[in-house]
Amino acid sequence: MIWRAVIGSCLLMAAGFVSSPQAQTPATYRIENGEVPAPLTAEPGNPARGRQTVRDMTHVTCLICHALPIPEEPDHGEIGPPLAGIGSRYSAGALRARLMDPKAFNPESIMPAYFRTDGLNRVGAEFRGRTIYTPQQIEDVVAYLLSLKEP
Amino acid sequence: MAAPLPRWKLASALIVCGLTGYSAAPPRAADSTSVPYETEGRKSGYLFLTPATRTLQDDEFQNPGAFALERGRDLWDAPDGPDRKSCASCHGDAATAMVGVAARYPVFDAARNGLVNIEMRINAERERMKAAPYAYESDDMLALTTFLTAQSRGMPMTPDIDGPARPLFEQGRAFYEARRGQLDLSCGQCHDDRTGLRLRGDVISQGQVNGFPVYRVSWRGQASRHRIFAWCNTSVRAEPYAAGSPEYLALELFMAWRGRGLPIEAPSIRR
């Protein structure tokens, strides 16, 4: 069981310093049996929006490292495993956990944590205290990944 | 000479040459005496280039780094400062005076109690001439760095990491090994563990510094070692350091040692 506090950004939020959506992180989340079972937002994930998000260059696109079934994008990465069919192999809770904090599964992982701000070294000023994805983006991407079923 | 050719033009030029059986200009003398691009598993970025880009580097008439080289040659001879001295007035012909210098740099400088790389050495010499220093990454600095470095073309990098340089070398190693940035990656996680893999459009090389200063096609110009360090820092969303900072100098010494034995390549090309 792993607890991660994302207190810094909450304090900033409470003080009204940060108004961007990136700062709206839960105080803590928990990975239980390899899953974050509960969704982070009330609004259900939107797979079409998730498909857009994973391509978005400004949000550390998964395509840097993974191949995805998005034929209109050139140059898919080959650092991580291809993600076609991933929705048949993982539950929503497991995909959410992997996105939020891959190092909980493999401390040596080079996949960035899309929802974590602690334990990092010399983060660039414009990214400090911010997560890569907003809670809604996490949910959208989880919904998109779940839609990638094995043929 | 014309401006560097756009990529499609180069490609078509190469295809035409291929079809007519015309081979590119013969390799430069420096190349035939050069140490190999690979030694004991250490590989120059040259080996990760496409054949077309390699040809471009090997051909002195097409190599876009030649502009900086020529400008650097002019600067070497140009009088400056109140006494109208040039580098040449004290050192004479760079082709004899400066052979092998860049291959040893960065070096420990007792007077500063720190490291000095070629860029800093150039400014120290300009101070000697009572001429204004060049800004890091300015065209003049890149040109003279390229020209000085080219006097060691084909020679193996042999930095001295012993004695007073040792603790700085260790700092550089620690910098290389530390994870950093929002992406939480160390240099080696890309340049040791994932060499040859595709990171989006880029094939990851070993991140060796022997080619520098390089002409980077994607940046359309010459680039220093410290500029690529800053780029690699920024690309993992880490706060970069300033060019010429003690952090990057220590890293530069470690990187030169990490590529020890690889040939100095300037003027060279990278993607």
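B:Arg84 sits in the loop between helix H4 (66-77) and helix H5 (87-91) of chain B; helices (H or I, at least four residues) and strands (E, at least two) are DSSP runs, numbered from the N terminus. The phi angle of B:Arg84 is near 50°, a positive value in a residue other than glycine. Most residues other than glycine have a negative phi, and most peptide bonds are trans.

Before we go on, a word on the model: it is predicted, with local features needing pLDDT of at least 70 and side-chain atom pairs counting only at pLDDT 80 or more, while totals for chains, interfaces and linings use all residues. Residues are numbered from 1 along each chain as its sequence is written, chains are lettered from A and ligands numbered from 1 in the order in which they are written, and side-chain values use heavy atoms, leaving out hydrogens and water.

Let us turn to the peptide bonds. The one from B:Phe212 to B:Pro213 is cis, with omega near -5°, and B:Pro213 belongs to the loop between strand E6 (202-203) and strand E7 (214-216) of chain B. Another cis bond joins B:Ala266 and B:Pro267, where omega is about 0°. Look for B:Pro267 in the loop between helix H13 (246-258) and strand E9 (268-270) of chain B.

Next comes the meeting of the chains. Here 22 residues of chain B are in contact with 31 residues of chain A, contact meaning heavy atoms within 4.5 Å. Between them the two chains bury about 2300 Å², 51% of it on carbon and sulfur atoms; buried area is the accessible area (1.4 Å probe) that two parts lose on being put together, summed over both. Within chain B, the residues that lose the most area to chain A are B:Gln182, B:Arg200 and B:Arg237, together 37% of what that side buries.

What about charge and polarity here? Two salt bridges are found across the interface of chain B and chain A, each a side-chain nitrogen of Lys or Arg within 4 Å of a carboxyl oxygen of Asp or Glu. B:Glu239 forms a salt bridge with A:Arg128, with the closest N and O atoms 3.7 Å apart. The interface also has 13 residue pairs in polar contact (both at pLDDT 80 or more). A polar contact is a pair of N or O atoms within 3.5 Å; within protein, one must be able to donate a hydrogen and the other to accept it, and residues adjacent in sequence count only if both atoms are side-chain atoms.

B:Arg179 is a good place to pause, in the loop between helix H10 (166-177) and helix H11 (187-191) of chain B. Its side chain reaches the backbone oxygen of A:Ser109 at 3.1 Å. Leaving aside neighbours within four places in sequence, the contacts of B:Arg179 include A:Lys103, A:Glu108 and A:Asn121 as well as B:Asp184 and B:Gln189.

Finally, the enclosed spaces. There are three cavities of 30 Å³ or more, a cavity being a set of points on a 1 Å grid over the protein atoms alone where a 1.4 Å probe fits but cannot get out, with lining residues having an atom within 4 Å of a point. The largest cavity holds about 120 Å³ of space; grid points are joined across faces, edges and corners, and a volume is the space filled by probe spheres set on the points. Of its 13 lining residues, B:Ile118, B:Thr145, B:Thr149, B:Arg225 and B:Glu252 lie nearest its centre. The second largest cavity, with about 50 Å³ of space, is lined by A:Lys103, A:Ala113, A:Arg116, A:Leu120, B:Gln182 and B:Asp184.

Terms used: 1 Å grid on protein atoms, 1.4 Å probe; cavity = no way out; pocket = protein on both sides within 12 Å on 5 of 7 lines; lining within 4 Å.
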